[in-house]
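Hello,

Here is the structure I promised to pass on to you. Please open it next to this email, and then read on for what turned up.

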Amino acid sequence: MMISTTTTYQAAQMVSETIEKHFIFHHQIAVKHDGKILAPIPNSLVIESIIDVGFWASLRREEGRSPKISLAFLPPSLTESPLIFEHRLKFNTDVLTKLAPSVEHAGIHLGVWIEDDELYIWGTTTNIPGLCFVLEVVEPGLLVIKHRRTDGFGKFINVAVLKGDQIKVIDESSGTLPDCPAVLGSMIGIASPSSWNDSLNVLVQLAVAMRAHQRGGALLIVPSKHDNWRSSIIYPITYALRPVFSGLSFLNEKGLDIQNPALQNKLNQAINGIAGLTAVDGATIINDQFEVLAFGAKIGRSPSGKALEAILVTEPIVGNEPQVVHPVQNGGTRHLSAAQFVYDQRDAIALVASQDGRFTIFSWSPCDRMVHAHRVDTLLI
């Protein structure tokens with residue numbers, strides 16, 4: 001695939017080869033293990049051009065609104081029931097800006113393909129194959145390069161996030177560190193596709209839904225084998241549940257058919273319902289069996305615990321250097337209380353969303369003997 005175009009967005013030029021290598025690597029793995037139909041691999045010039053046009057389109061406005069667009073690189077023959085234009089459209093900023101209002105809803109992609117060394121828009125689709133290159137225009141100057149999982153279930157895998165001249169390439173190796181919570185590996189996408197019908201996927205979807213409601217929130221995941229966590233909660237709990245709500249507990253059952261559309265819809269409804277509880281002031285508490293125990297809970301220091309004085313902060317992007325900071329430097333009251341909870345209850349995990357989109361996973365690091373704050377904003381956009 002060659003292409004005759006000139007790009008002017010420098011970040012597109014800088015990141016395109018790295019993204020091409022990502023897709024080549026994961027295609028090779030998928031072909032060996034899955035044998036499923038995959039989307040074509042875009043070369044660096046195609047990637048550079050799509051990013052460039054997407055970036056400049058993001059800075060335009062149509063009827064006072066900034067465009068939100070998802071672009072998928074594939075021919076219409078690799079989709080199911082596509083909407084195909086009678087005449088193909090030019091792939092440029094003017095056309096993208098005009099089409100943006102028609103494809104704002106989540107799950108709709110503008111199809112982009114190449115012929116005679118020129119990119120063009122052929123229509124729209126709601127169905128794309130695994131490892132399809134997708135560029136999402138989120139807001140002015142903010143782009144996310146991602147791809148669909150090979151099994152088709154769950155959030156797309158983010159490859160890189162570009163914001164103006166800032167480039168964040170996801171570091172896949174960060175999910176393999178011994179102290180990482182398993183949910184981080186699933187967000188990054190290193191978990192095998194077969195594992196994506198298990199509990200990790202549910203936590204990822206909960207994180208996405210928590211971030212989406214934009215009200216901020218905290219979700220505490222505690223062990224089901226004991227209730228030591230109660231010593232870190234201030235009583236009475238405003239919204240304690242009895243019996244516990246077990247609408248998601250069936251997700252731990254083996255052999256869950258994730259390809260069932262009706263079941264997926266029910267799962268999404270249940271996940272959104274629980275994520276909605278986190279918008280209430282205080283923390284939502286669930287156990288590792290996905291039973292909801294309470295929401296609106298206030299976190300306090302355990303009587304036997306000490307005040308948290310330092311945490312380790314990392315972000316799973318290439319070039320990130322871990323930092324040890326005082327907890328108050330990492331966020332507000334919600335972040336501080338969640339970090340203290342994990343410090344006192346070291347077999348628990350806390351997911352914390354801020355109103356500004358920041359998202360942090362707190363877990364105890366046995367190797368560093370301190371609370372580890374994983375900044376995962378770039379994985380959830």
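To start with a small puzzle: is Asp-377 buried or exposed? Asp-377 is buried, with a relative accessible area of 12%. Its salt-bridge partner is Arg-375, and the closest N and O atoms of the two lie 2.6 Å apart. Arg-375 is buried as well, at a relative accessible area of 18%. Please keep in mind that this is a predicted model.

**The chain as a whole**

The chain has eight helices and 18 strands. Of its 381 residues, 52% are buried. The accessible surface comes to about 17800 Å², and carbon and sulfur atoms hold 51% of that. If you look at contacts with a separation of 6 or more, 65% of them are between residues 24 or more positions apart.

**Cysteines**

A disulfide is a covalent bond between the sulfur atoms of two cysteines. How many disulfides does the count come to here? The count is zero. Two cysteines to look at are Cys-132, which is buried with a relative accessible area of 0%, and Cys-367, which is exposed at 55%.

**Salt bridges**

Side chains of opposite charge can pair when their charged atoms come close. The count of salt bridges in this model is nine, and the Asp-377 and Arg-375 pair above is one of them.

Another joins Glu-62 and Lys-98, with 3.5 Å from N to O. This pair links distant parts of the chain: Glu-62 sits in the loop between α2 (44-58) and β1 (69-73), while Lys-98 belongs to helix α3 (residues 93-99), 36 residues apart. Lys-98 is exposed, with a relative accessible area of 59%.

Then there is the salt bridge between Asp-281 and Lys-298, at 2.7 Å from N to O. Here, too, distant parts of the chain are linked: Asp-281 is in the loop between α6 (261-277) and β12 (283-287), and Lys-298 is in strand β13 (residues 292-299), 17 residues apart. Asp-281 is exposed at 58% relative accessibility, whereas Lys-298 is partly exposed at 36%.

**Helix α7 and Asp-344**

Helix α7 (residues 333-344) is a nice one to trace by eye. Its twelve residues reach 16 Å from the first C-alpha to the last, close to the 16 Å expected at 1.5 Å a residue. Among its buried residues are His-335, Phe-341, Tyr-343 and Asp-344.

Which side chain of opposite charge is nearest to Asp-344? It is Arg-301, 6.0 Å away. Asp-344 has no salt bridge, because a salt bridge needs the nitrogen within 4 Å of the carboxyl oxygen. Not counting residues up to four places away in sequence, Asp-344 touches Ser-232, Gly-300, Arg-301, Ser-302, Gly-305 and Lys-306.

**Asn-158 and the end of the numbering**

Finally, please find Asn-158 in strand β7 (residues 157-163). Asn-158 is buried, at 2% relative accessibility. How far apart are Asn-158 and Ile-381 in sequence and in space? They are 223 residues apart in sequence and 7.9 Å apart in space, from C-alpha to C-alpha. Leaving aside neighbours within four places in sequence, the contacts of Asn-158 include Thr-378, Leu-379, Leu-380 and Ile-381. Val-144, Ile-145, Lys-146 and Ile-170 are also among its contacts.

Enjoy exploring, and best wishes!

Note on methods: Residues are numbered from 1 along each chain as its sequence is written. This is a predicted model: local features need pLDDT of at least 70, side-chain atom pairs count only at pLDDT 80 or more; totals for chains, interfaces and linings use all residues. Side-chain values use heavy atoms; hydrogens and water are left out. Helices (H or I, at least four residues) and strands (E, at least two) are DSSP runs, numbered from the N terminus. Buried means under 20% relative accessible area, exposed over 50%, partly exposed in between (1.4 Å probe, protein chains only). Contact means heavy atoms within 4.5 Å. Accessible areas come from the Shrake-Rupley method with a 1.4 Å probe; for residues, only the protein chains shown count as cover. A disulfide is a pair of cysteine sulfur atoms within 2.5 Å. The expected span of a helix is 1.5 Å times one less than its number of residues. Lys and Arg count as positive and Asp and Glu as negative; His and the chain ends are not counted.
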